[in-house]
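Reader: Hi, I have a structure open and would like some help reading it. Could we start with the ligand and then move on to the pockets?

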Amino acid sequence: MKSDTPTLSFEFFPARTAEGRAKQVITRKQLRQYRPSFFSCTSGAGGTTRSGTLQTISDIISEGIPAMPHLPCIGMSKEEVQELLNEYKNMGVKHLLALRGDIPSGLGYCMEGMRHASELVELVKREHGNHFHIEVAAYPEYHPQSRSAEDDLNYFVHKVRAGADSAITQFFFNADSYFRFVDDVQRRGINIPIVPGIMPIANFSKLARFSDSCGAEIPRWLRLKLQSYADDTASIKALALDVVTDMCHRLLAEGAPGLHFYALNQAGLASTICQRLGF
Ligand SMILES: Cc1cc2nc3c(=O)[nH]c(=O)nc-3n(C[C@H](O)[C@H](O)[C@H](O)COP(=O)(O)OP(=O)(O)OC[C@H]3O[C@@H](n4cnc5c(N)ncnc54)[C@H](O)[C@@H]3O)c2cc1C
C-alpha cells in the first residue's frame, strides 16, 4: 500500500450562517496550498443537513477542487437517496463517502430504507456503475456497535466487495491499530487504499466526549496528560500537535496511502501538521 505521493484531504461540516460560509472559503483557501485530492463535507443522517451539505459541495466545486459529499443512508428512503445521487451527479460530483450514519434521537426511522452502508454501496454501483468513486468508513479500533472484532472485519470486507474503491478510517491515536487493521483486511483479500482519518486536537473535553461515543480510544497517558492541562489550551495544542504529527509521520513512513484530516472547518492545526510533515 505504500504510496510515493500520499494524498491529503480535509473534511468540513455545513456552515449554519453566511458568516460561517464565508469563513469556510478562507479556510479552504489556506488548505489549498497542500494540493488536496478533495475536500469533503459531512451530512446529518436522515437528510438533516441536506441543503447545507449541497451548498458546501457546490461552493467547493466552484472553487475548482474535487468535492466529496458524505452520504449517510439511514433514515432515508431508497427514492430519496436516488434523488440525492442524481443531484450530486448533475453537479459534477464523482466521489462520495457511502455511510450508514447514526439516526439523531427524536428523528423517525425509515422502515423501507437501508440498514447498512454495504446496501448503499450496492445501490450506487447498480444505478451508477463506475461514475462515482465510492469511499466507505473503516474502524481500526472497531465500530462501537459491532458484536466482535471478527464480525466488524467481515462486514467491512463485505462492504468493500459490494463495490467500494477506497476507505477512510475513524480517527485513532494508536498507529498499531491501523496497521493491524490493514493487515487483517489484506489477509482477507482486500487491497483497496485505506486512508487514516486524522483528528487534530484543539479541545480536550470535546474530544473525550466524541471519542467515547464513536469508540475511538485516547490512550490513558495522553488522556491524563491532556486532562492535567485543564484550561491551558496552548499546552493542550502543543502536546497534541507533537503526538498527532509523530503518528502521521509513522503512518506515512510505514505505508499509509495518505491522510484525511477532520479539519472541522478550521485550517490552523491541520495546516501546522502538514507543514511539519513537509507538505
Ligand atoms: C470518515 C468518516 C466520516 C463520517 N461521516 C459521517 C457523516 O457525515 N454523517 C454521519 O451521520 N456519520 C458519519 N460518520 C459516522 C458513521 O456514520 C457511523 O460510524 C455509523 O455508526 C456507521 O456507519 P458505517 O457507514 O460505518 O456503517 P456500516 O458499515 O453499515 O456498519 C455499522 C455497524 O453495522 C455492522 N454491520 C455492517 N453490515 C452489517 C450486516 N450486514 N449485518 C449486521 N451488522 C452489520 C458493522 O459491523 C458496524 O457495527 C463518519 C464516519 C467516518 C469513519
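Reader: How far does a backbone N or O atom of Ser146 lie from an oxygen atom of the ligand?
Author: Bearing in mind that this is a predicted model, a backbone N or O atom of Ser146 lies 3.4 Å from an oxygen atom of the ligand. A backbone N or O atom of Arg100 lies 2.8 Å from a ligand oxygen, and for Lys159 a polar side-chain atom lies 2.8 Å from an oxygen atom of the ligand.

Reader: And how much of the ligand does the protein bury?
Author: The ligand taken alone exposes 980 Å², and the protein buries 85% of that.

Reader: Which residues around the ligand are the closest?
Author: The ligand is surrounded by 24 residues, of which Ser43, Asp102, Tyr139, His143 and Asp152 are the closest. By type, this shell divides into 10 nonpolar, 10 polar and four charged residues.

Reader: Okay, pockets now: which one does the ligand sit in?
Author: The ligand sits in the largest pocket, which holds about 1700 Å³ of space. Of the 48 residues lining that pocket, the closest to its centre are Leu99, Gly101, Asp102, Tyr139 and Gln170.

Reader: Which element gives the largest share of that lining?
Author: That is α5, which supplies six residues of the lining of the largest pocket.

Reader: What about the second largest pocket, how much space lies in it?
Author: About 520 Å³ lies in the second largest pocket, and 17 residues line it, with Pro200, Ala202, Asn203, Lys206 and Leu264 nearest its centre. The largest share of its lining, four residues, comes from α7.

Methods: Residues numbered from 1 in each chain as written. Predicted model: local features only at pLDDT ≥ 70, side-chain atom pairs only at ≥ 80, totals over all residues. Heavy atoms only, no water. Near = heavy atom within 4 Å. Polar contact = N/O pair within 3.5 Å; in protein donor to acceptor, adjacent residues only side chain to side chain. Areas by Shrake-Rupley, 256 points an atom, 1.4 Å probe, with all protein chains shown as cover. 1 Å grid on protein atoms, 1.4 Å probe; cavity = no way out; pocket = protein on both sides within 12 Å on 5 of 7 lines; lining within 4 Å. Sits in = over half its atoms within 2 Å of the grid points. Nonpolar A, V, L, I, M, F, W, Y, C, P; charged D, E, K, R; others polar. Points joined across faces, edges and corners; volume = space filled by probe spheres on them. Helix = DSSP H or I, 4+ residues; strand = E, 2+ residues; numbered from the N terminus.
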